[in-house]
Amino acid sequence: MFDNKEKTNIEALGEFGLINHLTKNIELVQKSTLKGVGDDAAVLDPAGKKVLVSTDMLLEGIHFDLAYTPLKHLGYKAVQVNLSDIYAMNGIATQVTVGIGMSSKFPIEAIEEIYEGIYIACEKYGVDLVGGDTSSSKQGLVLSVTSIGYANPEDIVYRDGAQEGDLICVSGDLGGAYVGLQLLEREKLVYLENPNIQPDLEGKDYIVERQLKPEARKDIVELLKDIDVKPTAMIDVSDGLASEIMHICKQSHKGCSLYEEKIPIDPMTYETAREFGLDPTVCALSGGEDYELLFTVKQADYEKIKFKMDISIIGHITEPASGCNLVSKSGNVHPLKAQGWNAFPADDQTIK
């Protein structure tokens, strides 16, 4: 992950020296950022808009494995998974703060790699890094990111607005991140048994990237605005499609019908899932970490979205008494179950 031949101990700089070292080249791009890093707190100006705030933590051994996660990718992912929550509210992210806890095993060069990924994400998504904290950690590497965004009051989309008859839509494709994780875990086990064997990831770039370097869907928020479509409810797919649509249905007091044949699954995801003896549909429903946007729209908006290449219509909202169901390719109806990510597992994370 980093070159120990040229490592510099963090103690050589100290906490404030490390912060200055990591943030000295920050360039602010958002007009709403009046003051960023360098004082006791950032100063932001929402300019009449509503403020959106979200925080996520990534913990070594729970959310990532350094055996196969490049540090630059980790920094990038830590930012983008947090921005995804702002986009899921139909807002635009503008600032982030980053907290990092690390043990003495990490030299400054390793922390620089993490921050390089953070800066790449900030530049790509047009957000300012305006603060954070650093600390020592005895429990492995910890990253905590808070994202801040803004939206006009009338543009904000919550989870509780879905209405009976609304169309259920999702961006991109699903299941790739979970199948990519299975591939990385397999290659890790092979390496542990024989370190002389190189990882066999050839031809699997897409699903590996879906796990290690997912992309928040700011472009979908911008697309919906361009075609004048405001979702009635929206959420990002971090815990799996089934779990997310059930969140929308529970908070909207509605049911749903999803159609298996309509769920977008990339061919590489499908083929690799089969190689692992997994059902690709289950991977899409319960895998998680795809960070696509799942949203509902009025039927009147069908003509506006039906030909948009990166949006799939996968079902519709029903009356609450119908419950949440999956209609299989053979026409059978199965109750949906949320079997995705659990933040407080009794044992290892698995899809049952």
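## A parallel pair

Strands E4 and E5 pair in the parallel sense, over eight bridges. One facing pair here is Gly99 and Asp133, the latter in E5. The model is a predicted one.

Strand E4 covers residues 92-102. Nine of its 11 residues are buried, so E4 is largely enclosed by the rest of the structure.

## The whole sheet

E4 and E5 belong to an open sheet of four strands. The order is E3-E6-E4-E5, and the pairing is mixed. The edges are strand E3 (50-59) and strand E5 (128-136). Each edge strand pairs on one side only. On average, neighbouring strands of the sheet are turned by 15° against each other, direction ignored.

Strand E6 spans residues 142-151. E6 and E3 run antiparallel and are joined by 10 bridges. In this pairing, Leu58 stands opposite Leu143 of E6. E6 is also antiparallel to E4, with nine bridges between them. There, Gly99 stands opposite Ser144 in E6. Gly99 also stands opposite Asp133 in E5.

## An annotated site

Which residues does the UniProt annotation "binding site" cover? The record, an unreviewed entry, gives Asp56 and Asp85. They span 30 residues in sequence, yet no two of their C-alpha atoms are more than 9.4 Å apart, so they gather at one spot.

Asp56 lies in strand E3, whereas Asp85 is in helix H2. Helix H2 runs over residues 71-87. The annotated site therefore draws on a strand and a helix.

## Around Asp56 and Asp85

Is Asp56 buried, partly exposed or exposed? Its relative accessibility is 26%, so Asp56 counts as partly exposed. The cut-offs explain this: buried means under 20%, and exposed means over 50%.

Sequence neighbours within four places are left aside in what follows. Asp56 is in contact with Val81, Asn82 and Asp85. Asp56 also touches Leu143, Ser144 and Val145. Two of these names have come up before: Leu143 stands opposite Leu58, and Ser144 stands opposite Gly99. A polar contact of 3.3 Å joins the side chains of Asp56 and Asn82.

Asp85 has its own set of contacts, again with neighbours within four places left aside. They are Ser54, Asp56 and Asp236. Asp56 and Asp85, the two annotated residues, are thus in contact with each other.

## The loop after E3

What lies between E3 and helix H2? A loop, and Asp65 is in it. The side chain of Asp65 makes a polar contact with the side chain of Lys188, at 2.5 Å. With neighbours within four places in sequence set aside, Asp65 is in contact with Glu185 and Lys188.

## The chain as a whole

The protein chain has 10 helices and 13 strands. It holds 352 residues, of which 48% count as buried. Its accessible surface comes to about 17,400 Å². Carbon and sulfur atoms account for 50% of that surface.

How far apart in sequence are the residues that touch? Take contacts between residues at least 6 apart in sequence. Of these, 85% join residues at least 24 apart. The contact between Asp65 and Lys188 is one example from the text above. The contact between Asp85 and Asp236 is another.

Conventions
Residues are numbered from 1 along each chain as its sequence is written. This is a predicted model: local features need pLDDT of at least 70, side-chain atom pairs count only at pLDDT 80 or more; totals for chains, interfaces and linings use all residues. Side-chain values use heavy atoms; hydrogens and water are left out. Two strands pair if DSSP finds at least two bridges between them. Helices (H or I, at least four residues) and strands (E, at least two) are DSSP runs, numbered from the N terminus. Axes are lines fitted to C-alpha atoms, for helices over the stretch in contact, and angles run from 0 to 180 degrees between N-to-C directions. A polar contact is a pair of N or O atoms within 3.5 Å; within protein, one must be able to donate a hydrogen and the other to accept it, and residues adjacent in sequence count only if both atoms are side-chain atoms. Contact means heavy atoms within 4.5 Å. UniProt positions are given in the numbering used here, feature names are shortened, and annotations may be inferred rather than shown by experiment. Buried means under 20% relative accessible area, exposed over 50%, partly exposed in between (1.4 Å probe, protein chains only). Accessible areas come from the Shrake-Rupley method with a 1.4 Å probe; for residues, only the protein chains shown count as cover.
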